[in-house]
Amino acid sequence: MRRRYESTMKNLLSVSDLPDSDLPGVVARALEFATGKREPSLDGRIVGTYFRKTSTRTRTAFTAGALRLSAQVIAYGPEDLQLATGETAEDTALVLSGMVDVLVARTAGSTEELHAFAAQGRMPVINAMSAAEHPTQALTDLSTMHEHFGRIEDLRVLYVGEGNNTATALALALSRYPGVRLELRTPPGYGLPADYLARASANARRSGAEVSERHDMDDLPPGFDVVYTTRWQTTGTSKPDPDWRTVFAPFQVSAKLWETSPAATFMHDLPAHRGEEVTADVLDGPVSIAFRQAEHKMFSAMAALEWCLA
Ligand SMILES: NC(=O)NCCC[C@H](N)C(=O)O
């Protein structure tokens, strides 16, 4: 669709929309918010949130974060907009763009729809999770890692689980940091989409990171700093293989992984299903920062809103 307004509008549809010149600053700003810093930086702004799928962390993070920066919020549920009766995404966003300053949208569907929302060209659109990518989760993960380790560079990260929206965004983000080694272990048939793996590998070649993916849990190198997992049922998806639990079973994160990575910190995008992707002793134990990571959702949402609206 023809762009209606020419502007330098900053959408956050992919973590790759944040240029190298801005990404460290956005993470640093999230870390300032993590220390309790608050400013009325969005006073007078109106944030629209449109969540078509369930959300606990992301929706609350953007709403609470906007309010804490003195913005006002209009929240739309799945049936509230005329989109539900067939109005196009383009027309919907064109109308909203005259009234609200930024739209935070979780479709859990195709990212193309988010591009259709962004086509109007004057109201930035933030991807609060599409089927392909979860960019604001990646920002959360970066600021959580930075807070915990004091850096992101040189971290050795093991990601275990489906190559879902969280994994794609994490791979695109971490691959931009020199010295990072990201090892993805994804169940056979549930790996990262090839184009995302290729983009992350291209980032890594440029930055001096390393990204690799395998579909088994054999020959794991020792000494990971982070073990990261995600639930087995990704929002809005179903698994074609009726036997998928057997395929996923070897990819459960348990204390066994700490035999070779005794200093590793555990991360999880949540919601968690104890006894499936992770055992309760790991998630609820001293190695886990998963619930601090959830708090970072708001800090990174605040930084993302400011970046789009600056
Ligand atoms: N932290 C979150 O945003 N959690 C929501 C679900 C994330 C997960 N990748 C999913 O699609 O199910």
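A residue is taken to be near a molecule or strand if one of its heavy atoms lies within 4 Å of it. In this predicted model, local features need pLDDT of at least 70 and side-chain atom pairs count only at pLDDT 80 or more, whereas totals for chains, interfaces and linings use all residues. Residues are numbered from 1 along each chain as its sequence is written, and side-chain values use heavy atoms, with hydrogens and water left out.

The ligand is a convenient place to begin. It is surrounded by 17 residues, of which the closest are His 134, Asn 165, Thr 166, Asp 269 and Leu 270. This shell divides into 3 nonpolar, 9 polar and 5 charged residues; here Ala, Val, Leu, Ile, Met, Phe, Trp, Tyr, Cys and Pro count as nonpolar, Asp, Glu, Lys and Arg as charged, and the others, Gly among them, as polar. Helix H2 (57-68) and helix H6 (165-174) each contribute at least two residues to the shell. Helices (H or I, at least four residues) and strands (E, at least two) are DSSP runs, numbered from the N terminus.

Three side chains place polar atoms opposite polar atoms of the ligand. The cut-off for a polar contact is a pair of N or O atoms within 3.5 Å; within protein, one must be able to donate a hydrogen and the other to accept it, and residues adjacent in sequence count only if both atoms are side-chain atoms. An N or O atom in the side chain of Asn 165 is 2.7 Å from a nitrogen atom of the ligand. Polar side-chain atoms of two other residues lie by oxygen atoms of the ligand: that of Thr 58 at 3.1 Å and that of Arg 106 at 3.2 Å. On its own the ligand has 340 Å² of accessible area, and the protein covers 97% of this. Accessible areas come from the Shrake-Rupley method with a 1.4 Å probe; for residues, only the protein chains shown count as cover.

The position of the ligand can be described in terms of domains. The protein chain is divided into domain 1 (15-133 + 297-309) and domain 2 (137-294), with bounds that come from an automatic or database domain assignment. Because both domains give residues to the shell around the ligand, the ligand lies between them. The C-alpha centres of the two domains are 25 Å apart. Contact, meaning heavy atoms within 4.5 Å, links 24 residues of domain 1 with 26 residues of domain 2.

Leu 270, one of the residues closest to the ligand, has further features of its own. It is situated in the loop between E9 and H9, and its phi is positive, about 65°, although it is not a glycine. With a relative accessible area of 8%, Leu 270 is buried; buried means under 20% relative accessible area, exposed over 50%, and partly exposed in between (1.4 Å probe, protein chains only). The peptide bond from Leu 270 to Pro 271 is cis, with omega near 0°. Pro 271 belongs to the loop between strand E9 (265-268) and helix H9 (280-283). Met 129 also has a positive phi without being a glycine, near 125°. Its place is the loop between strand E4 (125-127) and H5, and its relative accessibility of 5% makes it buried. Most residues other than glycine have a negative phi, and most peptide bonds are trans.

Helix H5 (residues 135-149) contains Ser 143, which counts as buried at 0% relative accessibility. Not counting residues up to four places away in sequence, Ser 143 touches Val 27, Ala 30, Leu 31, His 296 and Ser 300. Asp 141 lies in H5 as well and is buried, with a relative accessible area of 0%. Beyond its neighbours within four places in sequence, Asp 141 is in contact with Leu 170, Tyr 228, Met 267 and Gln 293. The side chains of Asp 141 and Tyr 228 are joined by a polar contact of 2.8 Å.

Phe 299 is part of helix H10 (residues 290-309) and counts as buried at 7% relative accessibility. Leaving aside neighbours within four places in sequence, Phe 299 is in contact with Ala 30, Phe 33, Ala 34, Arg 38 and Arg 292. The C-alpha atoms of Phe 299 and Leu 139 are separated by 9.4 Å, although these residues are 160 residues apart along the chain.
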